[in-house]
Amino acid sequence: MRRMLIFSWITIVAVFFFSALPSWAEEGATGKTAKHVKKVGKKAKEKEDGKSKNARKEGKKKAGKKEARKQEKKGAALPKAAAIKSEEPEPAALVKEIRHWSNPDYTRIAVTLDREARFEYHRILAAGDAGASRVYIDIEGARLDPGVKDHPIGDGLLKTARVAQYRADVVRVVLDLDSIKDYKIFTFSSPFRIIIDVKGDRQPEISATKESIKEAPPLAEVAKIAAVEEKVQPAKKGKPAKIRRIVVDPGHGGHDPGAVGAGGTREKDVVLQIGLKLARKLKEELGLDVVMTRSTDVFIELQERTAIANKVGADLFVSVHANASLNRNASGMETYYLNLAKTEKAAQLAAKENGTSLEKVSLLQAVLFDLMANYKLNDSAHLADEVQKAAYGKANAQFPLKNLGVKQGPFYVLVGATMPSILVETAFLSNEREEERLKDPRYQEAVAEGITAGIKGYISTLK
Ligand SMILES: [Zn+2]
């Protein structure tokens, strides 16, 4: 099987070489991606049982090869395939929605399904047209909700996302690209979403993202938070030029309560209260523009939270959470930035915050380095240091607690952020004493005050 794979790669490379397509460098980048995803696919495959499934897969591979030859005859073809597993044989998955977010240097597409499904993706380069190409994704065992139509984008990177019931059991999503440098495909769960991030050189007339920021961003969720954004104060004098706008992201919300304490306290409620206090302080004390991902009890998907931050051109992103542990004695405050989990505990917490299993977290870790291409690792670590130090200090002065320090973990909510971004675990809801504190407006105030001081400290080091 491995040999076959290598052989088909050689074929693909040969086809690619002889069709004299424009950019090697570009292909190198996507080749790397495909390899990474394949690794994930392979791991997943090992977990799958059922011989009929494997037989089906073999058939598909052959079909894929045939298709490659067919396209070769047409003169310009470069199929790339990778597969991500489905957990069990099940009825058709319903493709429910396609959405997109345009960011300064990439566009994110999310295809939402009602359950997990296998899919393959391919890229076709148009001959002679530098950069222009097409990516299509075949979702297997899937039906298209009649309400889902072609999705116009036109942001200079993508023209449209077209969608159709390609075969009785296959839904095909085709992305028509204006230009492409690289793309990443990964998945989120609950609900299952296929995420495609496309990077490229935006057409100049549309690349002026600053302008689109001045207009109300056409994101429903940004509209929801407009009430908060409207009150943004004009910049104060003496404020460092570098950090102007910050996104405050209270975790969870709506149907997702987050952690729930023994006394019934819900994470989504206490982190919203802390987030609102934090937003006010950042505006009043530091004169920053503040955008909240949510200022009410609504659910916002994880991938959308950093998309909002990118969309509004935020300079910092702070996600506010409350911790939980099976060990009810566990307590204290800690701050995370995005990286591979260094400890089992960090991986477990990431699984909880991501709303997924540990296994999914390890799949995410396998592609994390690719996803982190734009992540400000050092700046985020620095921001985390400042915030943890100050937030712990302020809280501890009134409410003595444990300093758990700065840690690293693969948190979905931080994936895709192009600015320094952190996640603060303000205390443990699973700990009786800390649950009481998290409900206490004075503790909330102290934490908000401390995070504000940490951000102030961070900004002052940039001068
Ligand atoms: Zn949380």
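# Questions about a predicted fold

Student: Which residue in E3 is the bridge partner of histidine 100?

Tutor: In strand E3, histidine 100 has isoleucine 109 as its bridge partner. This is a predicted model, in which local features need pLDDT of at least 70 and side-chain atom pairs count only at pLDDT 80 or more, while totals for chains, interfaces and linings use all residues. Residue numbers start from 1 along each chain as its sequence is written.

Student: What makes E2 and E3 a pair?

Tutor: Two strands pair if DSSP finds at least two bridges between them. Strand E2 (residues 93-102) and strand E3 (residues 106-113) have seven, in the antiparallel sense, so they pass that cut-off. Strands of a sheet pair through backbone hydrogen bonds, either parallel or antiparallel.

Student: How do you know what counts as a strand or a helix?

Tutor: Both are DSSP runs, numbered from the N terminus: helices are H or I runs of at least four residues, and strands are E runs of at least two. By that count the protein chain has 13 helices and 17 strands.

Student: What is the order of the sheet that holds E2 and E3, and why are E6 and E10 called edge strands?

Tutor: The order is E6-E2-E3-E11-E10, an open sheet of five strands with mixed pairing. Strand E6 (142-144) and strand E10 (182-188) each have a single partner strand, so one side of each lacks a neighbour in the sheet. From one strand to the next, the twist averages 30 degrees.

Student: Where is the other sheet's edge, and why?

Tutor: Start with the order, E13-E12-E14-E17-E15-E16: six strands in an open sheet, again with mixed pairing. Strand E13 (289-292) and strand E16 (403-409) stand at its edges, because each has a single partner strand and one side left without a neighbour in the sheet. Here the twist averages 20 degrees from one strand to the next.

Student: What makes the pairing of this sheet mixed?

Tutor: Look at its strand pairs. E14 (residues 316-323) runs parallel to E17 (residues 421-428), with six bridges, one of which links valine 318 to isoleucine 422. E15 and E16 are also parallel, over six bridges, and methionine 333 is partnered there by asparagine 403. E15 and E17, however, run antiparallel with three bridges, and glutamate 334 pairs with glutamate 425. With both senses present, the pairing is mixed.

Student: How do you know that helix H8 packs on this sheet?

Tutor: H8 (residues 302-311) touches strand E12 (245-250), E14 and E17; contact means that two C-beta atoms, placed from the backbone, lie within 7 Å. The direction of H8 makes about 165 degrees with that of E12, where axes are lines fitted to C-alpha atoms, for helices over the stretch in contact, and angles run from 0 to 180 degrees between N-to-C directions.

Student: Why is isoleucine 455 called buried, but arginine 280 partly exposed?

Tutor: Count the other C-beta atoms within 10 Å, with C-beta atoms placed from the backbone: 20 or more is buried, 12 or fewer is exposed, and in between is partly exposed. Isoleucine 455 has 26, so it is buried. Arginine 280 has 16, so it is partly exposed. Isoleucine 455 lies in helix H13, while arginine 280 belongs to helix H7 (residues 267-286).

Student: What makes strand E15 largely enclosed?

Tutor: Six of the six residues of E15 (residues 333-338) are buried, so the rest of the structure largely encloses this strand. Met333, Thr335 and Tyr337 point one way, and Glu334, Tyr336 and Leu338 the other.

Student: How do you know that the length of helix H11 agrees with what is expected?

Tutor: The expected span is 1.5 Å times one less than the number of residues. For the 22 residues of H11 (residues 377-398) this gives 32 Å, and the end C-alpha atoms are 32 Å apart, so the two agree. The buried residues of H11 pack against E14, E15, E16, E17 and helix H13 (441-462).

Student: Why do we say that the buried residues of helix H12 line one face?

Tutor: In H12 (residues 432-439), Glu434, Glu435, Arg437 and Leu438 are buried. Seen down the axis, they fall within an arc of 160 degrees, so they line one face of the helix; the arc is that of the directions from the helix axis to the C-beta atoms. Their cover includes H7, E14, E17 and H13.
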